[in-house]
Amino acid sequence: MSSRADVEKQIKRNPHPDFKKVEGSRAPWDKSLEWSLKQTVKPDWKFGDGSNDGGACLKVPHVEIDPYEEGRPAVYNYKLLISGIIPRPIGFISTRSKDGSSTNLAPFSYFNMVNHDPPMFTVGYAGGFDNAKDSLKNLTESEECVINIISEHFVEAANATSINAPYGESEWALSGLTPASCTTVKASRVQEAIFSIEGKLNSTQEFESRATPGKKTGVLAVIEGTRFWVREDAINEDKNIIDPAILKPISRLGGITYGRTTEGLEIPRPDYKETVENNEEAKKFVKAKVDGQ
Ligand SMILES: Cc1cc2nc3c(=O)[nH]c(=O)nc-3n(C[C@H](O)[C@H](O)[C@H](O)COP(=O)(O)O)c2cc1C
């Protein structure tokens with residue numbers, strides 16, 4: 001058994017011995033749910049009010065966890081973090097080996113954007129270069145990829161591509177998704193995706209385990225976006241806003257759970273000049289010190 005399969009066994013990601021039975025007992029997908037905007041919890045919140053639950057959240061104590069405390073398996077930190085840092089965006093990444101003989105398509109939820117000029121994205125790969133996933137192998141070799149955003153209408157197909165297929169076997173055919181050509185990179189984008197980004201590798205950084213010194217446990221890839229593709233019914237005339245009602249993005253929660261985004265709330269970003277300088281009450285707050293701050 002490979003070490004990656006060993007780790008997967010330890011994680012016990014799927015909590016259901018008979019997954020199909022459990023899924024069958026659940027309500028079906030609610031097609032009627034449409035994207036909508038709601039009020040915030042407390043629309044009359046003002047500076048100094050703190051939480052919107054009247055302080056109820058302060059009555060429950062916290063548990064302190066040292067990630068490397070005696071007897072705590074390192075995999076517990078993985079399970080804790082993927083269940084607590086949620087929802088995570090998912091980069092659905094398409095890559096191609098340099099000679100074009102092998103392609104890879106897989107989802108990665110250690111993913112985010114970190115800059116917009118230039119557009120920069122990060123992906124975290126589990127395993128070091130000595131144990132690189134196919135996607136990382138292709139990315140470092142070709143220095144190119146496409147980041148696709150997963151929408152509700154192809155979530156099952158996207159999940160299927162996370163299969164631990166041997167290098168060189170095609171996740172494209174297995175998923176039934178459609179490759180479409182790109183302009184600045186050789187890898188294909190996913191035509192079903194509402195939003196895709198062509199990207200070039202900027203840099204990588206390898207991480208070493210603290211639990212097992214010497215063992216390489218992950219690689220951060222920084223990718224620069226070189227072209228955007230947005231389905232035409234999802235983009236506005238200025239080509240600067242994507243409609244969440246069309247994008248219907250799927251996010252990653254803990255374990256084997258995904259999330260959908262069907263509700264939003266808007267809160268204006270406070271401007272100091274407008275909201276504090278001309279407000280005596282607010283001015284008192286910014287000058288004050290709170291015990292323990
Ligand atoms: C929703 C989802 C998110 C994932 N996120 C990550 C991730 O952030 N990093 C990672 O190394 N693997 C992640 N995986 C696992 C990879 O998709 C999986 O190992 C895939 O087969 C990539 O391996 P390959 O490049 O060898 O094909 C994720 C899987 C799923 C289903």
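Which residues of the largest nonpolar core touch the most other members? In this predicted model, they are I93, V123, Y125, L139, I147 and I223, out of the 22 residues that make up that core.

**Nonpolar cores**

At least two residues of the largest core are supplied by each of β3, β5, α4, β6 (144-149), β9 (195-208) and β10 (216-230). The surroundings of I93 can be listed in detail: leaving aside residues up to four places away in sequence, I93 touches N104, L105, A106, F108, V123, Y125, S135, C145, V146 and I147. Apart from this core there is a second, separate one of 13 residues, with V155, A158, W172 and A193 among its members. As a general background, nonpolar side chains in soluble globular proteins tend to be buried together.

**Ligand surroundings**

The ligand is surrounded by 18 residues, of which P107, Y110, A126, K133 and S135 come nearest. By character, the residues of this shell divide into 8 nonpolar, 6 polar and 4 charged. Backbone atoms also approach the ligand, and the following table gives three such distances.

| Residue | Protein atom | Ligand atom | Distance |
|---|---|---|---|
| D134 | backbone N or O | oxygen | 2.9 Å |
| S162 | backbone N or O | oxygen | 3.1 Å |
| I163 | backbone N or O | oxygen | 3.2 Å |

Taken alone, the ligand exposes 630 Å², and the protein buries 87% of that area. Two or more residues of the shell come from each of the elements β3 (103-108), β5 (119-126) and α4 (134-142). The largest share belongs to β3, which contributes 4 residues. These three elements, β3, β5 and α4, are also among those that each supply at least two residues of the largest nonpolar core.

**Backbone features**

Two peptide bonds that precede proline are described here. The bond joining I86 and P87 is cis, with omega about -10°; P87 is located in the loop between α3 (74-84) and β2 (91-96). The bond from D117 to P118 is likewise cis, its omega being near 5°, and P118 falls in the loop between β4 (111-116) and β5.

Positive phi values in residues other than glycine form a further topic. For E143, phi is near 60° although the residue is not a glycine. E143 sits in the loop between α4 and β6, and its relative accessible area of 45% makes this residue partly exposed. K248, also not a glycine, has a positive phi of about 40°. This residue is placed in the loop between α7 (244-247) and β11 (250-252). With 28% relative accessibility, K248 counts as partly exposed.

**The chain as a whole**

The chain contains 9 helices and 13 strands. Along the principal axes, its C-alpha atoms fill a box of roughly 65 × 55 × 45 Å. Of its 293 residues, 30% count as buried. The accessible surface of the chain comes to about 19300 Å², and carbon and sulfur atoms account for 53% of this surface. How many of the contacts between residues at least 6 apart in sequence join residues at least 24 apart? The share is 63% of those contacts in the chain.

Key:
Residues numbered from 1 in each chain as written. Predicted model: local features only at pLDDT ≥ 70, side-chain atom pairs only at ≥ 80, totals over all residues. Heavy atoms only, no water. Near = heavy atom within 4 Å. Polar contact = N/O pair within 3.5 Å; in protein donor to acceptor, adjacent residues only side chain to side chain. Areas by Shrake-Rupley, 256 points an atom, 1.4 Å probe, with all protein chains shown as cover. Nonpolar A, V, L, I, M, F, W, Y, C, P; charged D, E, K, R; others polar. Core = buried A, V, L, I, M, F, W, Y, C linked by side-chain atoms within 4.5 Å. Buried < 20%, exposed > 50% of the residue type's maximum accessible area, 1.4 Å probe, protein only. Contact = heavy atoms within 4.5 Å.
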